[in-house]
Amino acid sequence: MRNYIETPAAELEANRLCAKRINEQISPLGLKYHIEAYGCQMNGHDSERIAGMLVECGFTKCDDKASADFIIFNTCCVRDHAEQRVFGNVGALKALKDANPRLIIAVCGCMMQQEKVSRHLYKRFPYVDIIFGTNELHRLPTMIEAALMGERTLMVRNIDGEVTEGIPILRNGTFSTNVNIMFGCNNFCSYCIVPYVRGRERSRSFERIFSEVEDVAKCGFSEITLLGQNVNSYCSPESGMKFPALLDKISGIDGIERIRFMTSHPKDLSDELIEVMATNDKVCKHIHLPVQSGSTRILEQMNRRYSREHYLELVGKLRQRVQDIEITTDIIVGFPGETEEDFNQTLSLVREVGFSAAFTFMYSPRPGTKAASMPNQIDPAEKKRRLLALNAVEAEMLKTNNQKFIGKVGKVLVEGFDVRDGQYFMNGRLSNFKSVYFPFDADEAAVRGMVGKTVDVNIVDTTNNSLIGELNG
Ligand code: SAH
Ligand code: SF4
Ligand code: F3S
């Protein structure tokens with residue numbers, strides 16, 4: 001059943017040994033690293049692996065680029081805007097390299113997996129030491145060792161993707177964390193570059209996922225987010241176990257209180273998943289279900305393999321079965337050939353569904369994707385107009401929808417706090433992903449102690465995106 005190979009253990013071991021050697025060499029020097037991450041949660045999670053390897057190599061973290069001895073950009077290429085920023089930011093590092101000749105500069109991630117782009121970057125910025133794609137993450141120590149000896153590396157392998165287990169992970173946060181359940185994507189939505197830069201879909205072994213969640217639970221993490229480009233098509237390579245069963249199994253792990261997941265593709269959302277969401281208290285009452293467009297004609301062109309009606313039917317089922325569920329989404333405006341009528345269908349769908357958040361994007365042509373060469377590309381000014389119109393409708397919907405929470409009591413997992421006019425405000429989320437703020441009168445130690453706790457909060461007011469509450473009791 002397994003349709004991929006795991007990265008050979010010997011290769012991982014060689015890199016671990018390499019990290020050890022680097023550690024011996026550099027730890028007396030007190031060198032610092034700085035990671036700049038772009039893109040989705042999966043890229044963010046890869047950055048935690050990069051941090052894990054850098055710490056093994058003997059670097060310590062620093063937030064300030066100017067005092068770093070190792071700077072790495074973990075890039076995204078899902079839209080053009082992200083790419084432009086990377087070129088600008090890499091260009092700006094020249095001055096730092098001149099000031100600190102031992103500075104090592106690395107660029108990795110999805111954007112670098114496009115060989116044309118990585119070769120161009122390699123030529124254009126001779127002071128960049130290390131460039132690698134999405135299949136080479138575990139080889140970072142080897143590339144650093146070469147850089148310490150003055151060698152440049154450009155490593156982008158066009159393999160369909162292995163699954164690499166056992167890279168050390170330095171997790172951000174203390175009670176909430178991410179766990180990959182799968183890598184890559186097979187869907188080839190016509191606008192999307194992800195399948196080209198992340199390779200074919202591969203599910204991780206159930207045993208590996210389970211023991212990772214057990215480990216993080218032992219370290220005190222109580223909320224986990226299971227990550228994959230399309231979690232609903234998870235299929236264990238050993239047993240064929242599907243996503244709903246995986247959720248059920250993981251919910252049995254001691255210490256895990258909340259389970260989130262993303263992203264769900266509507267075409268693969270099963271009744272079994274809805275059932276687990278309805279019946280398992282640990283599975284959060286929230287689903288991120290990207291619709292992309294409200295027009296069936298455009299959905300077909302996007303190769304999404306569901307219609308407007310099918311999507312609305314799913315929303316109906318979710319709402320009927322899963323009490324208090326909230327739905328968030330992604331939407332693209334200005335896909336090639338999108339008419340005013342198509343766009344109006346998107347607006348009407350947003351009104352009909354009442355999303356509790358919508359991430360909205362202007363279509364950005366991506367090299368090598370089918371939609372990039374479709375006729376009737378939409379003028380950028382028109383895309384912008386549609387984006388603003390869509391955002392206005394979403395904002396109006398949010399305002400109305402938020403009202404329904406007033407007067408209710410919700411369980412908030414406290415994530416952090418800030419101080420406004422001398423008053424502490426705690427922030428956190430309900431199970432349904434709505435974010436909540438509430439004032440808290442206590443000293444700083446008690447405020448810090450509150451982070452990671454789950455408390456009852458009376459919802460008394462709303463802002464544009466969030467709810468305002470008062471601690472209950
Ligand atoms: N796997 C996830 C999404 C990954 S990309 C899913 O299928 O839902 C995140 C979002 O970026 C997508 O949902 C889409 O809305 C947006 N996106 C992807 N490619 C894009 C492009 N070429 N132009 C604009 N937005 C894009
Ligand atoms: Fe891209 Fe579609 Fe795959 Fe999501 S499901 S990553 S949008 S190809
Ligand atoms: Fe994520 Fe961007 Fe890559 S959205 S998978 S980092 S192209």
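R79 lies over the face of F361 in this predicted model, 3.7 Å from the ring centre. A second arginine does something comparable to look at: the charged end of R420 sits over the ring of F425, at 4.2 Å from its centre. With those two arginines on screen, let us turn to the rings that pair with one another.

There are eleven aromatic pairs by the rule used here. Take F59 and F70 to begin with: their ring centres are 5.5 Å apart and their planes stand at 50°, so the pair counts as tilted. F59 belongs to the loop between α2 (41-56) and β2 (60-61), while F70 belongs to strand β3 (residues 70-75), so this pair ties together parts that are eleven residues apart in sequence. Are these two rings buried or exposed? F59 has 2% relative accessibility, and because burial means under 20%, F59 counts as buried. F70 is at 0% and counts as buried too.

Another tilted pair is formed by Y311 and F355, with ring centres 6.4 Å apart and planes at 55°. Here the link runs between distant parts of the chain: Y311 sits in helix α13 (residues 308-321) and F355 in the loop between α14 (340-353) and β14 (357-362), 44 residues apart. Both Y311 and F355 are buried. Aromatic rings also gather in a cluster, made of F87, F125 and Y127.

Stay with Y311 for a moment, since it leads to the core. The largest nonpolar core has 64 residues, and Y311 is among those with the most contacts inside it, along with L226, F243, L246 and F261. What does Y311 touch, once its neighbours within four places in sequence are set aside? The partners are P266, L289, P290, V291, Y306, I327, T329, L349, V353 and F355. The last of these, F355, is the ring you have just seen paired with Y311.

Now pick out helix α10 (residues 243-251), which holds A245. A245 has a relative accessible area of 34%, so it is partly exposed. If you want a sense of scale, jump from A245 to T328: they are 83 residues apart in sequence and 23 Å apart in space, C-alpha to C-alpha.

Helix α7 (residues 140-148) gives a picture of burial along one element, with seven of its nine residues buried. Those seven are L140, P141, M143, I144, E145, A146 and A147. What do they pack against? Their partners are α1 (9-26), α2, β3, β4 (104-109), β5 (130-132) and β6 (153-155). Strand β3 may be familiar, as it is the strand that carries F70. Just after α7 comes G150, with a positive phi of about 85°.

That brings us to the backbone. Most residues other than glycine have a negative phi, and most peptide bonds are trans. Two residues to inspect with this in mind are F188 and N303. F188 is not a glycine, yet it has a positive phi of about 45°; it is found in the loop between β8 (182-183) and α8 (194-198). At 30% relative accessibility, F188 counts as partly exposed. N303 likewise has a positive phi, near 60°, and its place is the loop between α12 (296-301) and α13. With a relative accessible area of 28%, N303 is partly exposed. As for the peptide bonds, the one joining M262 and T263 is cis, with omega about 10°. T263 lies in the loop between β11 (258-262) and α11 (271-279).

F188 also opens the way to the ligands. Which residues surround ligand 2? The shell consists of C185, N187, F188, C189, Y191, C192, V194, P195, Q229, H265 and R304. By class, that makes seven nonpolar, three polar and one charged residues. Ligand 3 has a shell of its own, made up of G39, C40, N43, C76, C77, V78, C110, R198 and Q229. In that shell, five residues are nonpolar, three polar and one charged. Look for Q229 when you compare the two sites, as it appears in the shell of ligand 2 and in that of ligand 3.

Conventions. Residues numbered from 1 in each chain as written. Chains lettered and ligands numbered in written order. Predicted model: local features only at pLDDT ≥ 70, side-chain atom pairs only at ≥ 80, totals over all residues. Heavy atoms only, no water. Core = buried A, V, L, I, M, F, W, Y, C linked by side-chain atoms within 4.5 Å. Buried < 20%, exposed > 50% of the residue type's maximum accessible area, 1.4 Å probe, protein only. Contact = heavy atoms within 4.5 Å. Near = heavy atom within 4 Å. Nonpolar A, V, L, I, M, F, W, Y, C, P; charged D, E, K, R; others polar. Phe/Tyr/Trp six-rings, centres within 6.5 Å; stacked < 30°, edge-to-face > 60°. Helix = DSSP H or I, 4+ residues; strand = E, 2+ residues; numbered from the N terminus. Lys NZ or Arg CZ within 6 Å of the ring centre and 35° of its normal.
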